[in-house]
Structures are given as structure tokens and as C-alpha cells.
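Colleague: Please take a close look at one part of this model for me. Keep it brisk.

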Amino acid sequence: MTVFEWIDRVLLTAAVVMILLAGALLLVRLWLGPSMLDRAICLDVTAALIIAGLGAQAAFSRAPFYFPIMLVLAFLGFTGSVAIARFIAVRDRPAAVHGREATVEEDRSA
């Protein structure tokens, strides 16, 4: 094993250890999160950590098999984050808009 391969192996191992540590801290935050928004952010970061773990696995095995999976997970994480943010924004919006009641059509168009 050359010096460069050894350095590569050590850096990948350190990356995996940091990803696992971040995952453990994320689980603590998910458990203690006082609001729905905190938990939604934790789920978004969980998707990012899974993608980072797959990236480390792809670098370790030198296999491009994981890249499409990472792309799909990134898309699903983004879509899920937008959906949760939209749900929270609609839920927390006041019922009266500019002194009048909001109609169903206005809620759908927003």
C-alpha cells in the first residue's frame, strides 16, 4: 500500500466517523426537538447525511453505482423539505387575510 492510498484510507475513515457522530447528534436533536420545524430540519439533515455516507461508500469502493441513488435521495430530500415547509406555512397562516376571511380558492392558489 502506497502512502497516498494510506492517506486516502485514513481520510475516508475519518469522514465516516464524522458522519456517524453527526448522525448520533442528529438523533438526539430529533428526540429533543421542541417543535415540528426542528424535527423537519433534522429529517432534512438526515437525508444529507445518508447521501454523504453513500458518497463515502462510493469513494471507498470506487464504484459509480451509488451516484444515481444519491441523486434520487437528494431530490426526495428537497421535495420533502419543501412539502413540510409549505405545510407549516399554511398551518401557521392566520385565517383572516387583510381583514377578510380567506376562501378555499385563495388557500389553494397560495
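Which element do the buried residues of α3 pack against?

Modeller: They pack against α2. This is a predicted model: local features need pLDDT of at least 70 and side-chain atom pairs pLDDT 80 or more, while totals for chains, interfaces and linings use all residues. Numbering starts from 1 along each chain as its sequence is written, and side-chain values use heavy atoms, with hydrogens and water left out.

Start with α3 itself. Its buried residues are Y66, M70, G77 and I88. Buried means under 20% relative accessible area, exposed means over 50%, and partly exposed lies in between (1.4 Å probe, protein chains only). Packing rests on contacts, that is, heavy atoms within 4.5 Å. The helix has 27 residues, so it should span 39 Å at 1.5 Å a residue. Its end C-alpha atoms are 39 Å apart, which agrees. The expected span is 1.5 Å times one less than the number of residues.

Now the setting. The protein has four helices and two strands, and from the N terminus they run α-α-α-β-β-α. Both kinds are DSSP runs, numbered from the N terminus: helices are H or I with at least four residues, strands are E with at least two. Of the 110 residues, 15% count as buried. The protein exposes about 8400 Å², and carbon and sulfur atoms supply 75% of that. These areas come from the Shrake-Rupley method with a 1.4 Å probe; for residues, only the protein chains shown count as cover. Among contacts with a separation of 6 or more, 41% join residues 24 or more positions apart.

Next, the loop that leads into α3. Its R62 meets D8 in a salt bridge, 2.8 Å from N to O. D8 lies in α1 (residues 3-32) and R62 between α2 (36-61) and α3 (66-92), so the pair ties together parts that are 54 residues apart in sequence. D8 is partly exposed at 27% relative accessibility. R62 is exposed at 63%. Side chains of opposite charge can pair when their charged atoms come close.

The count is two salt bridges, each a side-chain nitrogen of Lys or Arg within 4 Å of a carboxyl oxygen of Asp or Glu. D38 and R29 form the other, at 3.3 Å from N to O. R29 is partly exposed, at 39%.

One more detail in α1: G23 lies in this helix. G23 is partly exposed at 21%. Its C-alpha atom is 7.0 Å from that of L49, with the two positions 26 residues apart along the chain counted as their separation.
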